[in-house]
Amino acid sequence: MNSQQMKHINEDSTLFPTYKKWELTFESAEGSYITAADGKTYLDCMAGIGVVNLGHKHPAVLKSVEQQLHKGWHASNFFQYDGQEKTAQLLTEHSSGDIVFFANSGTEANEAAIKLSRKYTGRTKIISFVQSFHGRTLGSMAATGQESIHQGFGPMLQGFEYLPFNDVNELESAIDEDTAAVMVEPVQGEGGVVPASPEFLKAVESLCKKNGALFVVDEVQTGIGRTGAFFAYEHAEVSPDIIVAAKGLGNGFPVGAIIGKKHLASAFGPGSHGTTFGGNPLAMAAAQATLETVISEDMAGQAAEKGAFLMEELEKKIGHSSKVKEIRGKGLMIGIELHEPAADYIMSIQKQGVLMIGAGPNVIRLLPPLTITKEELQHAVNTIASVLNTN
Ligand SMILES: Cc1ncc(COP(=O)(O)O)c(C=O)c1O
């Protein structure tokens, strides 16, 4: 690309143009609303892409981070931190895992899951699924089953295989004695909001067990109450070996984690894996307060109830539209698949003051804060209906 073209793409910015940015400058946010620099306020039905599950500037998270801010920010992972132990306890008490490694993001947590799987099993093959998304670093990108994400960054890390999603027979044929792990999103998020069937997740679990591979669930987008359970794998009543979390874990403060079964500890001994910032005291203050609130206020239950309401209202208002192919999802993670590209509709909805995001070319994705009210959801549905029905 020559400098002329570059200028055209990103004329006034000093940033790499990795994001096609909206004409919206963030100013402040509170609860379910974001205010832009021009003073206009938006109902946030994307929660920073499934991150701000408790709403913006949640008072408990704010207070916890503020208190830690005054105590100190960083001392290194050679120190013991109460915040790490308490946050890890909350995660293990509410999952099938027993021990935690903290990272700074979803992709980094997935890197840890890939490395742990290879080291523990002594095997190389990682199976993931077509249209999956696991992140942008070399390992997580290699695990991502989307050709467009790999483009230009080759050669890809070796040992990754992509199978059709929700297809038990294909998995049965591909999994073998060299398989270190099967990585699966319980609901594919970036790939278009496509839920894994409970039967498929059960089959992943049993085939992993039979072949000595680890069962890894990427709950970066689905976790922390989003789908109506604390982790989405619970809907299928399975017990993964490694759970990957990030996004909603710090309610906007960058933090990621893997939660693994106890026997995996032997593969991650001193010197095997590490991070300067992972488990940082500020991140732990945010994550601990987030988890305490999500648990004590039953945000997963709220997501289930509000999600059912949202689904019902969407079916009522736009289910009949000739533009709509399917409305699907779980809890407050919902995709509206259109018969045509979704981008222009998302922009029209934004102009009406409601924020949503795409998932693949044809899907409008809703990931509102789990604290959103039914009135606010109703307003979002009415806005979608008015845009779809008039354009
Ligand atoms: C399922 C899943 N895994 C991993 C990631 C990567 O997370 P991060 O952007 O924090 O690196 C994402 C981000 O969208 C995701 O949805």
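In this predicted model, Thr275 touches Asn77, Phe101, Phe102, Asn104 and Glu108, leaving aside residues up to four places away in sequence. Thr275 sits in the loop that runs between strand 12 (256-260) and helix 10 (281-296). This residue also has a record behind it: an unreviewed UniProt entry lists Thr275, along with Arg136, under "binding site". From that set, Thr275 is part of the lining of the second largest pocket.

Arg136, the other listed position, is found in the loop between strand 5 (125-129) and helix 6 (138-143). With a relative accessible area of 58%, Arg136 counts as exposed, because that value is over the 50% cut-off. Even so, Arg136 does have contacts: Thr107, Met141 and Ile149 are touched, again not counting residues up to four places away in sequence.

Now for the ligand. There are 13 residues around the ligand, and those that come nearest are Gly106, Thr107, Asp218, Gln221 and Lys247. Thr107 thus turns up both here and among the contacts of Arg136. Helix 5 (residues 106-121) gives the largest share of the shell, with three residues.

Side chains from the nearest group also make polar pairings with the ligand. In the case of Asp218, a side-chain N or O atom is 2.7 Å from a nitrogen atom of the ligand. Gln221 places a polar side-chain atom 2.8 Å from a ligand oxygen atom, and for Lys247 the distance from a side-chain N or O atom to an oxygen atom of the ligand is 3.2 Å. As for cover, the ligand on its own has 390 Å² of accessible area, and the protein covers 82% of that.

Definitions and conventions:
Residues are numbered from 1 along each chain as its sequence is written. This is a predicted model: local features need pLDDT of at least 70, side-chain atom pairs count only at pLDDT 80 or more; totals for chains, interfaces and linings use all residues. Side-chain values use heavy atoms; hydrogens and water are left out. UniProt positions are given in the numbering used here, feature names are shortened, and annotations may be inferred rather than shown by experiment. On a 1 Å grid over the protein atoms alone, a cavity is a set of points where a 1.4 Å probe fits but cannot get out, and a pocket is an open set with protein on both sides within 12 Å along at least five of seven lines; lining residues have an atom within 4 Å of a point. Helices (H or I, at least four residues) and strands (E, at least two) are DSSP runs, numbered from the N terminus. Buried means under 20% relative accessible area, exposed over 50%, partly exposed in between (1.4 Å probe, protein chains only). Contact means heavy atoms within 4.5 Å. A residue is near a molecule or strand if one of its heavy atoms lies within 4 Å of it. A polar contact is a pair of N or O atoms within 3.5 Å; within protein, one must be able to donate a hydrogen and the other to accept it, and residues adjacent in sequence count only if both atoms are side-chain atoms. Accessible areas come from the Shrake-Rupley method with a 1.4 Å probe; for residues, only the protein chains shown count as cover.
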